[in-house]
Amino acid sequence: MQEISLNILDIVENSVHAGAGKVSILVMSDTDAGTLTVTVTDDGGGMTAEEVERAFDPFYTTGGSKRVGLGLPLLKESAELTGGAVKIESEPGAGTRLTAVFNKRHLDCPPLGDVIATLKTLLVGYPGVEFHYEHHVGRERVVLDTEALSQENGPGFRADIQAVCRVLDSLENLLVHFKEGEMDFKSILMRQGGIKETSSNFNDLERRK
Ligand SMILES: Nc1ncnc2c1ncn2[C@@H]1O[C@H](COP(=O)(O)OP(=O)(O)O)[C@@H](O)[C@H]1O
Ligand SMILES: [Mg+2]
């Protein structure tokens, strides 16, 4: 079972390889619906309808020397296993948007994992690409935008690995506060123990569905 943050790394690297200058990443945890939705939008080379269809084929890749491209097939399998889905909208010359929905209440739903590590890899590894990251949990949200950061901190910001990592560490501290909202009834069950509490919490979640 792979962490979703590693799927995000793979999808965004596809965007970078497709020549994107700007990639937008949205992670949305709907605490009422129990879904985690990841949307990655790029302004790269895009795909034809036929290429989009083949993108989910494990033996399709434009990655050069490799003979298999497993990023998208594995993501699709992982999302569908939870009752979710993956959708790609793309236009040649304009860009691509990928949307993956996971059902967090399904036992096979992988954890989101270390999105901060994914962002560090991307921001440090591709200093020429602008990234916009948004993370929503319920009604709370945080935003990180490299264009805005470069404006605030000067054009040398992206080359300053330590500065980039400091910003991401403070983002991580903000995300920790979101964790409460991420909890499903299983963790409420573990924290509160008592059957009475558990059933009332569970009914709460059921009612909100
Ligand atoms: N954002 C994107 N823009 C353009 N083409 C893409 C994008 N994402 C995926 N593709 C195409 O789909 C193929 C399969 O992607 P993937 O399953 O991740 O395998 P890999 O990246 O290893 O080739 C890529 O080789 C590429 O041709
Ligand atoms: Mg890939």
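The legends below accompany close-up views of a predicted model and move from the whole chain to helix α1, its two helix partners and three single residues.

**Figure 1. Overall arrangement of the protein chain in the predicted model.** The secondary structure of the chain amounts to eight helices and six strands, which follow one another along the sequence in the pattern α-β-β-α-α-β-β-α-β-β-α-α-α-α. Of the 209 residues in the chain, 27% count as buried. Where contacts join residues at least 6 apart in sequence, 63% of them link residues at least 24 apart.

**Figure 2. Helix α1 and the elements against which its buried residues pack.** Helix α1 comprises 14 residues, from 4 to 17, and spans 20 Å between its first and last C-alpha atoms, close to the 20 Å expected at 1.5 Å a residue. The buried positions of this helix are Ile 4, Ser 5, Asn 7, Ile 8, Leu 9, Ile 11, Val 12, Asn 14 and Ser 15. These buried residues pack against three strands, β1 (22-30), β2 (35-42) and β4 (95-103), and against two helices, α3 (71-81) and α4. Just beyond the end of α1, Gly 19 adopts a positive phi of about 85°.

**Figure 3. The packing of helix α1 with helix α4.** Two packed helices are described by the angle between their axes and the distance between the axes. For α1 and α4, the axes come within 8 Å and cross at roughly 25°; angles under 35 degrees count as roughly parallel, and the two helices are therefore roughly parallel to each other. The crossing of α1 past α4 is right-handed. On the α1 side the contact is made by Ser 5, Ile 8, Leu 9 and Val 12, and on the α4 side by Val 115, Ala 117, Thr 118, Thr 121 and Leu 122. Sorted by class, the residues of this contact are six nonpolar and three polar, with no charged residues.

**Figure 4. The packing of helix α1 with helix α3.** The axes of α1 and α3 come within 10 Å and cross at roughly 140°, an angle at which the two helices are oblique to each other. In this pair, α1 passes α3 in a left-handed crossing. The residues that meet are Asn 7, Asp 10, Ile 11 and Asn 14 from α1, together with Gly 71, Leu 75 and Ser 78 from α3. By class, the contact of α1 with α3 divides into two nonpolar residues, four polar and one charged.

**Figure 5. Surroundings of Ala 20, in the loop between α1 and β1.** A residue is buried if 20 or more other C-beta atoms lie within 10 Å of its own, and Ala 20 counts as buried because it has 24 C-beta neighbours inside 10 Å. Leaving aside residues up to four places away in sequence, Ala 20 touches Ser 15, Asp 42, Asp 43, Gly 44 and Val 129. The C-alpha atom of Ala 20 is separated by 9.2 Å from that of Gly 46, which is 26 residues away along the chain.

**Figure 6. Surroundings of Leu 26 in strand β1.** With 17 other C-beta atoms within 10 Å, Leu 26 is partly exposed. When neighbours within four places in sequence are set aside, Leu 26 is in contact with Thr 39 and Glu 134. Its C-alpha atom and that of Tyr 133 are separated by 5.9 Å, although the two residues are 107 apart along the chain.

**Figure 7. Surroundings of Ile 116 in helix α4.** Helix α4 covers residues 115-125 and includes Ile 116, which counts as partly exposed because it has 16 C-beta neighbours inside 10 Å. Not counting residues up to four places away in sequence, Ile 116 touches Leu 168, Leu 171 and Glu 172. The C-alpha atoms of Ile 116 and Leu 168 are separated by 6.4 Å, with their positions 52 residues apart along the chain.

Terms used:
Residues are numbered from 1 along each chain as its sequence is written. Chains are lettered from A and ligands numbered from 1 in the order in which they are written. This is a predicted model: local features need pLDDT of at least 70, side-chain atom pairs count only at pLDDT 80 or more; totals for chains, interfaces and linings use all residues. A residue is buried if 20 or more other C-beta atoms lie within 10 Å of its own, exposed if 12 or fewer, and partly exposed in between; C-beta atoms are placed from the backbone. Two residues are in contact if their C-beta atoms, placed from the backbone, lie within 7 Å. The expected span of a helix is 1.5 Å times one less than its number of residues. Axes are lines fitted to C-alpha atoms, for helices over the stretch in contact, and angles run from 0 to 180 degrees between N-to-C directions. Angles under 35 degrees count as roughly parallel, over 145 as roughly antiparallel, 65 to 115 as roughly perpendicular and the rest as oblique. A crossing is left-handed if the near helix is turned anticlockwise from the far one by less than a right angle, and right-handed if clockwise. Ala, Val, Leu, Ile, Met, Phe, Trp, Tyr, Cys and Pro count as nonpolar, Asp, Glu, Lys and Arg as charged, and the others, Gly among them, as polar.
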